[in-house]
Amino acid sequence: MADAGAGSASAGPAFDPGLPYRCSPSVALRPEPFGALVYHFGTRKLSFLKTPELVAVVSGLENHPDVHAAIEAAGVEESQRPAYLRALAGLAANGTIEERS
């Protein structure tokens, strides 16, 4: 779903979907038919969001009180939510999304 690259986990805080997140200001999303290209200006890495629904979740994070609400608002089916949470955890680990206060 998200191509976070091998070994992209960091020693940062654990991803908590009960907290509010946002797309990092250092990241640009370019919508594509398959999902989106993601460019991180800080690391200069290119990655992919592999579904339009994941793009909707990432783009909508800042409008919701937590990750679960953003996933629900994007219309992600209940059976797919664990996969989305894993993808978002990877995006948090590589700096694409970040916790907001």
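**Close-ups of a predicted model**

**View 1. The β2–β3 hairpin.** Two residues are all that link β2 to β3 in this hairpin. Keep in mind that what you see is a predicted model. The two strands run antiparallel, and six bridges hold the pairing between β2 and β3, the latter covering residues 35-40. Two of the facing positions are easy to pick out. Arg30 has Leu37 of β3 as its bridge partner, while Val27 stands opposite His40 in β3.

**View 2. The β3–β4 hairpin.** Here β3 carries on into β4 through a second hairpin, with four residues in between. Look in the turn for Arg44, which has a positive phi of about 60°. Five bridges connect β3 and β4, again in the antiparallel sense. For landmarks, try Val38, whose bridge partner in β4 is Ser47, and Tyr39, which is matched with Leu46 of β4.

**View 3. The whole sheet.** Put the two hairpins together and you get an open sheet of three strands, ordered β2-β3-β4 and paired antiparallel. The edges are β2 (27-32) and β4 (45-49), each of which pairs on one side only. From one strand to the next, the twist averages 20°. How much of β3 is buried? Five of its six residues are, so β3 is largely enclosed by the rest of the structure.

**View 4. Tyr39 and Phe41, ring against ring.** The model has three aromatic pairs, and this close-up shows one of them, Tyr39 with Phe41. The ring centres sit 4.9 Å apart and the planes make an angle of 80°, which puts the pair in the edge-to-face class. How accessible are the two partners? Tyr39 comes out at 28% relative accessibility and so counts as partly exposed. Phe41 is at 53%, so it counts as exposed, the cut-off for that label being over 50%. Tyr39 also appears in View 2, where its bridge partner is Leu46 in β4.

**View 5. The largest nonpolar core.** This one takes in 21 residues, and those with the most contacts inside it are Leu49, Val57, Val58, Leu88 and Ile97. Several elements chip in with two or more residues: the strands β1 (21-23) and β3, plus the helices α1 (52-60), α2 (67-73) and α3 (81-93).

**View 6. Zooming in on Leu88.** Which residues does Leu88 touch, leaving aside its neighbours within four places in sequence? The list runs to Phe15, Leu54, Val57, Val58, Val67, Ile71 and Ile97. Among these partners, Val57, Val58 and Ile97 also feature with Leu88 in the group that has the most contacts inside the core.

**View 7. Confidence along the chain.** Averaged over the chain, pLDDT is 90, and 87% of the residues score at least 70. Among the elements, α2 has the highest mean at 98 and β4 the lowest at 94. Residues 4-10 are another story, with pLDDT below 50. That stretch still has six contacts in the model beyond near neighbours in sequence.

Methods
Residues numbered from 1 in each chain as written. Predicted model: local features only at pLDDT ≥ 70, side-chain atom pairs only at ≥ 80, totals over all residues. Heavy atoms only, no water. Pairing = 2+ DSSP bridges. Axes fitted to C-alpha atoms, helices over the stretch in contact; angles between N-to-C directions. Phe/Tyr/Trp six-rings, centres within 6.5 Å; stacked < 30°, edge-to-face > 60°. Buried < 20%, exposed > 50% of the residue type's maximum accessible area, 1.4 Å probe, protein only. Core = buried A, V, L, I, M, F, W, Y, C linked by side-chain atoms within 4.5 Å. Contact = heavy atoms within 4.5 Å. pLDDT = per-residue confidence, 0-100.
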